[in-house]
Amino acid sequence: MNNMPAILVLAPLLGALFAGLAAWIQKQLSYYIALTAMAVSCFAAVSVLKDVVEAGTMQYRMAGWAPPMGIELKIDLLNAMVLVLISAIAFLNLVASVKSVEQEIPDRAPSFYVMYLLFVVGLLGVSATGDLFNLYVLIEITSLTSYTLIALGDKDRGHLAALNYIFIGVIGASFYLLGVGYLYITTGSLNMADVAVILKGIQGSSAVLTAFILCILGVWIKMALFPLHVWLPNAYSFAPVGFARVVAPLMTKVMVYVMIRLMVTVFGLDYILDTLHLADAVVWLAVTAILAGAFMALSQTDLKKMLAYIIVCEIGYMVGGAWLGNDLGMTGAILHILNDALMTFALFLAVGNIIYMRKQVAFSNLPGLFSAMPWTMAGFVLAGLSIIGVPPTCGFFSKWYLVLGAFEAGAYHFAAALIISSLVCAVLFFKVFEICFFASAPGDPDHHVAGSPQPIHYIHAAGHDRAGGDSGAGTHPPAGVMAEAPVSMLAALGLVSIAIIAAGVYAGTIVNTIILPFLQ
Amino acid sequence: MKFIGTVIVCLTGGLLLYGTMDLPDWGDPGSPASTHLSDYYIEHIMEQTQVPNLVTAVLADYRGYDTMFETAVVFCAGLACFLLLRDFRPKKDRYFRHVPTGVMLHFKNPDTRMIADNEFEHMDKDWVPSDMIIKTVCRILIPFIQIYALYVVAHGDFSPGGGFQGGVIFGSSLILMAISYNLKTLVKRVTEKFLSIFAALGVLIYVGLGVGAMVMGGHFLDYGMLAPLLPSDPGHIRALGMLGVEIGVGIAVMAVMVIIYVNIVSEGRHDEGL
């Protein structure tokens, strides 16, 4: 019997508990325990992916009970890919974040790592499970940990952002739970495969329709689809760097995975597309999300906020692709889960590096970055090009599938929205590149920057507070002097940059070995 | 804005009402929820697990994986309170009472140290002397509440109860101590270190039993595999496994209850509060 599916979820859970206990012996220990736990989980995820590609879907019976009675973990090609993505990003971020955590939350770093691991446990569990209620329990863990970790961020506005997120997140989770309740009343089962079989016989039922709408709405709120996105920008930009870098690429993508899982495995695509006729409306919603996200990103003057709105825009891509109703669109959406996670992770890694050196990333703080932090900026440029969709990078390929899917479905408005948002992203990123490259550094006598020349006062105060009165907070090194982030941070960024190129070069392989077999 | 809110609320309400149209009748014995899996549980639980309380068997065995994460959620809640509320900075204003005379001292400088610690007790600004009746009654009650909590944990597989309920009762007995005496009394007896270790240990007992089953060659949480380790009737081993995880849950819930209470009432300072 292969225990790897259980180990990949349990390793971070055990790691979290031991890290919590070890903190009473020596504070440094908990970081190393967390690192080991994530490495074990990552290894297990890769081995599961390998087995699933070779031998097909993997089932694991919790407590040994057969599926509809007990809970099962069911890992097919889609989960396996998402699981590897989550564990790898969480592991790399742990390597990259140790210095940021020391800088931002020095007094309670061990608890931060415990919470971080529990968050990852939630994400891995959500992706691995084959049980509808178990999914809810694990969403609860991810939510609770992310509320806490976001509130640990920005001293002035982190709490309010987290409170806002709690209110909206709880509504989303309860919608999902209510939907599961309706499903349980009508089917008597909680196992996804079992529910899917029973639902085939009762597709006309109004209770099933209600269940579907409630589940999907709940997941949309959690993934911040456009009109339900209001919590996301503040929550992600005020979170501590070490956490923002893992929550931004993973949380929304995992929720997109849950949506695709509900659509494909539980309710069935034929029910959604042929019986309900909701697809057109949802694609229009996705178009609005893409355009709104792109244009709101255009009006931001803070790099973190801008990236947060780009996430809102990218969610529109994936939702739209999944609802186009053809294999090409779904392929694009699934491929974009992988690609967007990599690109967002790279962008937030770069932003984290800049914050580590300069404390804040308002546009007025960026000048001179290319000469001061060339390696970080190389990664940032690569990820930016990938978001825009420039060919050798992975972003191009998922957009290509999405556009092809849109043409096949006759959804020209979706294709147009994709192209417009790519242009807007190009404008956005070249604006940032321009400021970083051409605008004169603040140390120069002829210092003038678009936007406010002086950083806003309260961020200064927060910076001082965190760094324990560090005199460097808010001031910049003189122009032309290298002031690069620590090696651990750069190494993670380098690896992700390679992954972005590799995911682009091997896009065909990924589609042929993972996504197409899954869709058949 | 208010108008849009009203419209959304009406739409959601309408959707929920629409959904009820095809629901089975109230208490219908032929409904899917009471025929699909319930029959299996009712017919097989006694022979498979030897636990007379079906709810406990489903909760701690068939769906034990869920319950493990629910315990982790409780642990998370405690940790969240610690992370967000705990305040290690010393308080600026401190008050001391000279016990023999009842004279109050007010320190405005946080660096001042008290020398005669035994004769002075640390207190808060709106301190009132503990009421003797309340103190005495609670002192008598608390041990009984705790025994009852242990009973609820231990009898989870025979009667309503279990780790969550028992843990809450035990935790509330400690909170009662803080309310009837003062927070200092509780914090002195039940330290922060003790509580944090117990919160993690409780979840660890649960996960550990599962991992134990995995090491013995079974699936995760398959208590039947623990039979060679325990000198007991192999048929009864699942009930023992459930008791084990209930104890873990009880410990974690107890510790987290107290952590949440202490952090909230003392604004994270762990010195004075309700």
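**Strand pairing and chain contact in a predicted model**

Student: Which residue of S2(B) is the bridge partner of Tyr95(B)?

Tutor: In this predicted model, Tyr95(B) has His106(B) as its bridge partner in S2(B). That pair belongs to a longer pattern: strand S1 (residues 94-98) and strand S2 (residues 104-107) of chain B run antiparallel and are joined by four bridges.

Student: How many residues lie between the strands of this hairpin, and which residue there takes a positive phi?

Tutor: Five residues separate S1(B) from S2(B) in the hairpin, and Gly102(B) takes a positive phi near 80°.

Student: With which further strand does S1(B) pair, and in what sense?

Tutor: A general idea helps in reading strands: in a regular strand, side chains alternate between the two faces of the sheet. Here, S1(B) also pairs with strand S3 (residues 120-123) of chain B, in the antiparallel sense and over four bridges. Within that pairing, His98(B) is matched with Phe120(B) in S3(B).

Student: How many residues does each chain bring to the contact?

Tutor: Chain B brings 46 residues and chain A brings 48 residues. On the chain B side, the elements giving two or more residues include helix H1 (2-20) and helix H9 (192-215). H5(B) gives the most, with 14 residues. By class, this side of chain B has 32 nonpolar, seven polar and seven charged residues.

Student: What confidence does the predictor give?

Tutor: As a general rule, where pLDDT is low, the predicted coordinates should not be read in detail. For chain B the mean pLDDT is 86, with 94% of its residues at 70 or more. The complex receives an ipTM of 0.91 and a pTM of 0.91.

Technical notes
Residues are numbered from 1 along each chain as its sequence is written. Chains are lettered from A and ligands numbered from 1 in the order in which they are written. Two strands pair if DSSP finds at least two bridges between them. Two residues are in contact if their C-beta atoms, placed from the backbone, lie within 7 Å. Ala, Val, Leu, Ile, Met, Phe, Trp, Tyr, Cys and Pro count as nonpolar, Asp, Glu, Lys and Arg as charged, and the others, Gly among them, as polar. pLDDT is the predictor's confidence in each residue, from 0 to 100.
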